[in-house]
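This report walks through a structure for a reader who has not met it before. The sequence and the model come first, and the description follows.

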Amino acid sequence: IGDAVMAFWNAPLPDPAHAARALACAQAMQVDMVALRTQWQGTPFADVRLRIGLHTGEAAVGHLGSHERFTYTAVGDAVNTAARLEGANKAFGTGILLSGATRDALPAESADNARLLWLDAVVLAGRSAGIDVYTFSDDGAMVAISQALHGYLQAGAWALALQSCADWQAHARAQAPQWLAHAEQLHRRVQASGVSSPFSARALDKS
């Protein structure tokens with residue numbers, strides 16, 4: 001699709017592992033992208049980056065189109081959301097961004113759950129409701145902090161949420177400086193939240 005590729009699972013035949021397969025595909029694509037950048041050193045393509053958005057939901061799947069353009073594809077809100085997530089990587093500096101719906105579709109025992117860093121609740125372009133977004137991280141301590149923060153925000157436990165924000169900032173300063181600005185932004189938003197003004201999703205534009 002122009003400069004993009006769309007892939008989908010669980011059609012035409014049911015695939016109970018569709019979320020895990022999509023996630024594995026995204027990871028494999030990024031591994032291959034690293035290898036390609038190595039091959040492209042010294043060329044204009046050496047800094048090419050790949051952004052991937054993953055979402056799980058219902059879609060209309062089948063042979064669609066006209067005599068001039070006829071193809072087997074998927075259309076619908078779930079497809080549009082995945083496309084918006086791909087673009088939203090730019091706001092977070094990530095290569096893979098997946099929705100809470102995809103995370104929820106993973107098997108409970110999946111090892112990937114321990115590597116999913118909760119980033120934020122966001123309102124994507126063209127949407128009115130926020131969705132949770134995650135990315136991959138091999139930093140187990142930061143993943144644990146982020147998931148604890150998410151839980152406290154859902155429960156309205158503001159003091160504990162603020163402590164989690166402080167923990168994230170301290171960890172970022174020591175181990176993951178690329179996440180410090182993000183942690184500080186979350187801290188400011190949590191500080192502005194409370195019983196009368198709950199934590200609100202961050203609005204993202206089309207870029």
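Strands β2 (residues 60-65) and β3 (residues 70-75) pair in the antiparallel sense, with six bridges between them. The connection from β2 to β3 is a hairpin of four residues. At this pairing, glycine 65 stands opposite phenylalanine 70 in β3. The model described here is predicted.

Two further pairings involve strand β6. Strand β4 (residues 96-99) pairs with β6 (residues 131-136) in the antiparallel sense over two bridges. Leucine 98 faces tyrosine 134 of β6 as its opposite residue. Strand β5 also pairs with β6 in the antiparallel sense, here over six bridges. In β6, threonine 135 is the residue opposite leucine 117. In a regular strand, side chains alternate between the two faces of the sheet.

**Helix α2**

Helix α2 covers residues 77-92. The helix has 16 residues and spans 23 Å from its first C-alpha to its last, close to the 22 Å expected at 1.5 Å a residue. At glutamate 86, α2 bends by about 30 degrees. Glycine 93, just after α2, has a positive phi of about 70 degrees.

Which residues of α2 are buried? They are Ala78, Thr81, Ala82, Leu85, Gly87, Ala88, Asn89 and Phe92. These buried residues pack against several elements, namely β1, β4, β5, β6, α6 and β7 (202-203). Two of the strands paired with each other, β4 and β6, are thus among the packing partners of the helix.

**Salt bridges**

Side chains of opposite charge can pair when their charged atoms come close. How many salt bridges does the structure hold? There are five, and the table gives three of these pairs with the distance between N and O atoms.

| Salt bridge | N to O distance |
|---|---|
| Aspartate 15 and arginine 21 | 2.9 Å |
| Arginine 51 and glutamate 86 | 3.4 Å |
| Arginine 189 and aspartate 120 | 2.5 Å |

In the pair of aspartate 15 and arginine 21, aspartate 15 counts as buried because its relative accessible area is 16%. Arginine 21, with a relative accessible area of 46%, is partly exposed.

Arginine 51 forms a salt bridge with glutamate 86. This pair links distant parts of the chain, 35 residues apart: arginine 51 lies in the loop between α1 (18-39) and β1 (52-54), and glutamate 86 lies in helix α2. Glutamate 86 is also the residue at which α2 bends. Both partners count as partly exposed: arginine 51 has a relative accessible area of 35%, and glutamate 86 has one of 29%.

Arginine 189 forms a salt bridge with aspartate 120. The two residues are 69 apart and again link distant parts of the chain, with arginine 189 in helix α6 (residues 180-191) and aspartate 120 in strand β5 (residues 116-123). Are arginine 189 and aspartate 120 buried or exposed? Both are buried. Their elements, α6 and β5, are also among those that the buried residues of α2 pack against.

**Cysteines**

The count of disulfides is zero. Cysteine 25 is partly exposed, because its relative accessibility is 28%. Cysteine 165, in contrast, has a relative accessible area of 1% and therefore counts as buried.

Methods. Residues are numbered from 1 along each chain as its sequence is written. This is a predicted model: local features need pLDDT of at least 70, side-chain atom pairs count only at pLDDT 80 or more; totals for chains, interfaces and linings use all residues. Side-chain values use heavy atoms; hydrogens and water are left out. A salt bridge is a side-chain nitrogen of Lys or Arg within 4 Å of a carboxyl oxygen of Asp or Glu. Buried means under 20% relative accessible area, exposed over 50%, partly exposed in between (1.4 Å probe, protein chains only). Two strands pair if DSSP finds at least two bridges between them. A disulfide is a pair of cysteine sulfur atoms within 2.5 Å. The expected span of a helix is 1.5 Å times one less than its number of residues. The bend at a residue is the angle between axes fitted to the seven residues ending there and the seven starting there. Contact means heavy atoms within 4.5 Å.
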